[in-house]
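Colleague: Please take one part of this model and go through it closely, residue by residue where that helps. State the cut-offs as you go.

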Amino acid sequence: MNRTRARLSDGREIVYYDEGPGRVPVPDPRGLRPVEPLCETRRDPLTGDHVTITAHRNTRTFLPPADQCPLCPGGPASEIPDPSYDVVAFENRFPSFDVRTPPVPPEIDGVPRARGAGRCEVVCFTDDHSASMAQLPLSRVRTIVDAWADRTAELSAIPGIRQVYVFENRGVEIGVTLHHPHGQIYAYPFVTPRTERMLAAAAAHPGLFEDVLKAEREGGRVVLAGEHWTAYVPAAARWPVEAHLMPHRHVPDFTALDAAERDELAVLYRDLLRRFDALYGAPLPYVAGWHQAPAGNDSLRLHLELFSIRRAPDKIKYLAGSESGMAAWINDVSPEDAAARLRAAG
Ligand SMILES: [Zn+2]
């Protein structure tokens with residue numbers, strides 16, 4: 001894999017990951033004004049949760065026509081100046097977190113307040129607008145895994161970054177505003193609430209991830225397994241379609257995976273996504289979230305939590321009163337049934 005760095009006309013960084021030789025990047029012809037992000041976090045005094053306020057994002061691109069896709073290469077409106085690419089990562093034009101945010105006062109009405117001094121990136125998986133992660137050749141999925149590892153290493157090294165989250169939203173039902181196959185990376189300046197809870201669970205139960213994996217491998221909800229990874233529907237699944245993909249070795253993040261683990265990850269991840277799409281005979285809206293350990297605490301094991309909000313061919317699971325209001329999950333589908341259907345969908 002060859003990495004080439006460049007800058008877009010507004011100063012944002014763009015990094016090409018090429019399977020063949022490297023490239024001399026085409027300059028961005030757009031002459032964009034420098035970005036002026038306004039990202040701040042406030043701490044909910046009732047829960048301690050960080051809430052991020054990004055008023056500038058309300059003007060972001062929303063479902064443009066296919067011929068104006070900003071992720072297709074080379075057009076006048078494109079974020080990617082080069083006429084073709086394999087995998088490319090660049091700073092989001094409408095970030096939720098940005099280290100360029102100017103200082104903010106330390107509090108507002110007694111609530112702690114801070115700059116959202118992180119970084120948000122877009123990762124394009126292919127220059128083919130109509131493809132999807134599940135349809136890509138294995139070699140490309142493997143390149144994407146290497147790109148994720150490289151981005152994780154680079155973003156983790158930025159001062160103040162506490163946690164790097166790699167994810168993909170797929171489908172308009174999930175709120176995707178661009179159809180082109182792509183994912184995102186959030187480099188947070190704090191540890192996210194869900195990760196804090198996992199770290200607390202791991203502190204109370206040494207060997208937590210090893211024990212969970214062992215129990216799931218011996219249980220009845222394994223979807224597929226290899227030498228280095230196992231995919232299963234967790235016993236306490238929250239979503240109607242949900243699978244976790246866990247490495248057999250305790251690694252904190254993508255950077256710690258060896259070549260054999262990365263090879264098998266590409267195979268199993270693509271297989272899992274294909275099973276999701278086969279469930280209802282139509283592309284499934286999903287969120288693929290890669291949990292990585294925060295800086296300075298390796299007790300969390302890298303793993304994927306993949307889930308869909310679709311609970312039947314024509315029905316969506318909405319987060320209503322109990323989930324949205326109380327974070328108390330009600331799942332209408334038994335995890336054992338979900339696992340059996342995902343096994344059969346292979
Ligand atoms: Zn496109």
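Modeller: What follows is about the interface of domain 1 and domain 2, then about some salt bridges and two loop residues.

This is a predicted model, in which local features need pLDDT of at least 70 and side-chain atom pairs count only at pLDDT 80 or more, while totals for chains, interfaces and linings use all residues. Residues are numbered from 1 along each chain as its sequence is written, and side-chain values use heavy atoms, with hydrogens and water left out.

The protein chain is assigned a domain 1 made of 2-41 + 62-102 + 122-190 and a domain 2 made of 194-344; such bounds come from an automatic or database domain assignment. Between the C-alpha centres of domain 1 and domain 2 there are 24 Å. Domain 1 puts 27 residues into the contact and domain 2 puts in 29, where contact means heavy atoms within 4.5 Å.

The size of an interface is often given as the accessible area lost when the parts come together. Here domain 1 and domain 2 bury about 2500 Å² between them, and 58% of that is on carbon and sulfur atoms. On the domain 1 side, Ala134, Arg142 and Arg170 supply 24% of the area buried against domain 2, more than any other three residues. Buried area is the accessible area (1.4 Å probe) that two parts lose on being put together, summed over both.

Arg170 also takes part in a salt bridge with Asp277, with N to O at 2.5 Å between the side chains. A salt bridge is a side-chain nitrogen of Lys or Arg within 4 Å of a carboxyl oxygen of Asp or Glu. By this rule there are four salt bridges across the interface of domain 1 and domain 2. Across this interface there are also 15 residue pairs in polar contact, both residues at pLDDT 80 or more. Two elements, α1 (138-156) and β9 (163-170), each give two or more residues to the side of domain 1 that touches domain 2. Of these, α1 gives the largest share of that side, nine residues. By class, the residues of the domain 1 side are 16 nonpolar, five polar and six charged.

Some of those words need their rules. A polar contact is a pair of N or O atoms within 3.5 Å; within protein, one must be able to donate a hydrogen and the other to accept it, and residues adjacent in sequence count only if both atoms are side-chain atoms. Helices (H or I, at least four residues) and strands (E, at least two) are DSSP runs, numbered from the N terminus. Ala, Val, Leu, Ile, Met, Phe, Trp, Tyr, Cys and Pro count as nonpolar, Asp, Glu, Lys and Arg as charged, and the others, Gly among them, as polar.

Helix α1 also appears in salt bridges elsewhere in the list. Side chains of opposite charge can pair when their charged atoms come close. The salt-bridge rule gives 37 in total. One of them joins Asp86 and Arg140, whose closest N and O atoms are 3.1 Å apart. Asp86 is in the loop between β4 and β5 and Arg140 is in helix α1, so this pair ties together parts 54 residues apart in sequence. Asp86 is buried at a relative accessible area of 17%, and Arg140 is buried at 11%. Buried means under 20% relative accessible area, exposed over 50%, and partly exposed in between (1.4 Å probe, protein chains only).

Within α1 itself, Arg151 and Glu154 form a salt bridge, the closest N and O atoms being 2.9 Å apart. Arg151 and Glu154 are three residues apart, about one turn of the helix. Arg151 is buried, at 1%, whereas Glu154 is partly exposed, at 22%.

A pair in helix α4 (residues 259-279) can be set beside this: Asp271 and Arg275 are four residues apart, about one helical turn. The salt bridge of Asp271 and Arg275 has N to O at 2.7 Å. Asp271 is partly exposed at 26%, and Arg275 is buried at 10%. Salt bridges that share partners also link Arg3, Arg5, Glu13, Glu91, Asp98, Arg100, Arg119, Glu121, Asp150, Arg151 and Glu154 in one network.

Two loop residues complete the picture. Ser78 is in the loop between β4 (50-53) and β5 (87-91), and is buried at 4% relative accessibility. A polar atom of the Ser78 side chain lies 2.9 Å from the backbone nitrogen of Ile80. Ala256 is in the loop between β13 (241-247) and α4, and is partly exposed at 30%.
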